[in-house]
Amino acid sequence: MTHELDDHDMTPAVLEREWVLTIDTPNGGLEPVLLALGEHLPLKQGPYDNCMYVREGGFQRLRALEGSHAGDEGTIQQVPASQIITSIPPDPELLSKAFDVIFAIHVNEEPTIRVTEEWGSRSKLLDDKNNPNRYWNRPDAKELHGKAVG
């Protein structure tokens, strides 16, 4: 399949097709999923890996029905939850591996995973090391770069 963006070149970046995974998880199960994804999948963006975005502040709402491991509970449950958003190359084997990893570590019996095909920018890594807007050239570089978590 040919897409008109395949040959589109922009000065600072190129566009690549990718599959974006959005994974809902209760906050109590967030960290193990983040660690497993980073350990088992090539979540790369240019010269970086373990690239994920976490959207916090939501909640999951559900009622366990007959047939679930919890059985028919009869009540609607609500728990604070987050979404993990990451991308992988459009490769069915890699997507299958992602599902295996998520289902093995996720706290939910029925993890909510959405897969969409999108275009993602990848920097050409132009020589702009002196750009005053890059985090390493700013007085707040430490805050912008983040804290080590692993």
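Is Phe 99 buried, partly exposed or exposed? Phe 99 counts as partly exposed, with 28% relative accessibility. Keep in mind that this is a predicted model. Here's a quick tour of its aromatic pairs, two in total, and of its two largest pockets, at about 700 Å³ and about 370 Å³.

**Aromatic pairs**

- The count of aromatic pairs comes to two.
- One of them joins Phe 99 and Phe 103, whose rings are stacked, with 6.3 Å from centre to centre and 20° between the planes.
- That 20° angle is why the Phe pair counts as stacked, since the cut-off for stacking is under 30 degrees.
- Both Phe residues sit in helix α2 (residues 92–105), and because they are four residues apart there, about one helical turn separates them.
- Phe 103 is partly exposed, at a relative accessible area of 41%, and Phe 99 is partly exposed too, at 28%.
- Tyr 135 and Trp 136 pair up as well: their ring centres are 5.2 Å apart and their planes meet at 75°, so this pair is edge-to-face.
- For that label the planes have to be over 60 degrees apart, and the Tyr 135 and Trp 136 planes are at 75°.
- Tyr 135 has a relative accessible area of 29%, so it goes down as partly exposed.
- Trp 136 is also partly exposed, with a value of 41%.

**Largest pocket**

- The largest pocket holds about 700 Å³ of space.
- It is lined by 17 residues, and the closest to its centre are Asp 49, Asn 50, Met 52, Lys 147 and Val 149.
- Helices α1 (30–40) and α3 (141–145) each put at least two residues into this lining.
- If you want the top contributor, look at α1, which gives the most with five residues.
- Sorted by class, the lining has eight nonpolar, five polar and four charged residues.

**Second largest pocket**

- The second largest pocket comes in at about 370 Å³.
- Its lining counts 16 residues, and Leu 62, Ala 64, Asn 108, Glu 109 and Glu 110 are the closest to the centre.
- Here a strand gives the most: β2 (residues 53–63) supplies five residues to the lining.
- By class, the lining of this second pocket breaks down into six nonpolar, five polar and five charged residues.

Definitions and conventions
Residues numbered from 1 in each chain as written. Predicted model: local features only at pLDDT ≥ 70, side-chain atom pairs only at ≥ 80, totals over all residues. Heavy atoms only, no water. Phe/Tyr/Trp six-rings, centres within 6.5 Å; stacked < 30°, edge-to-face > 60°. Buried < 20%, exposed > 50% of the residue type's maximum accessible area, 1.4 Å probe, protein only. 1 Å grid on protein atoms, 1.4 Å probe; cavity = no way out; pocket = protein on both sides within 12 Å on 5 of 7 lines; lining within 4 Å. Points joined across faces, edges and corners; volume = space filled by probe spheres on them. Nonpolar A, V, L, I, M, F, W, Y, C, P; charged D, E, K, R; others polar.
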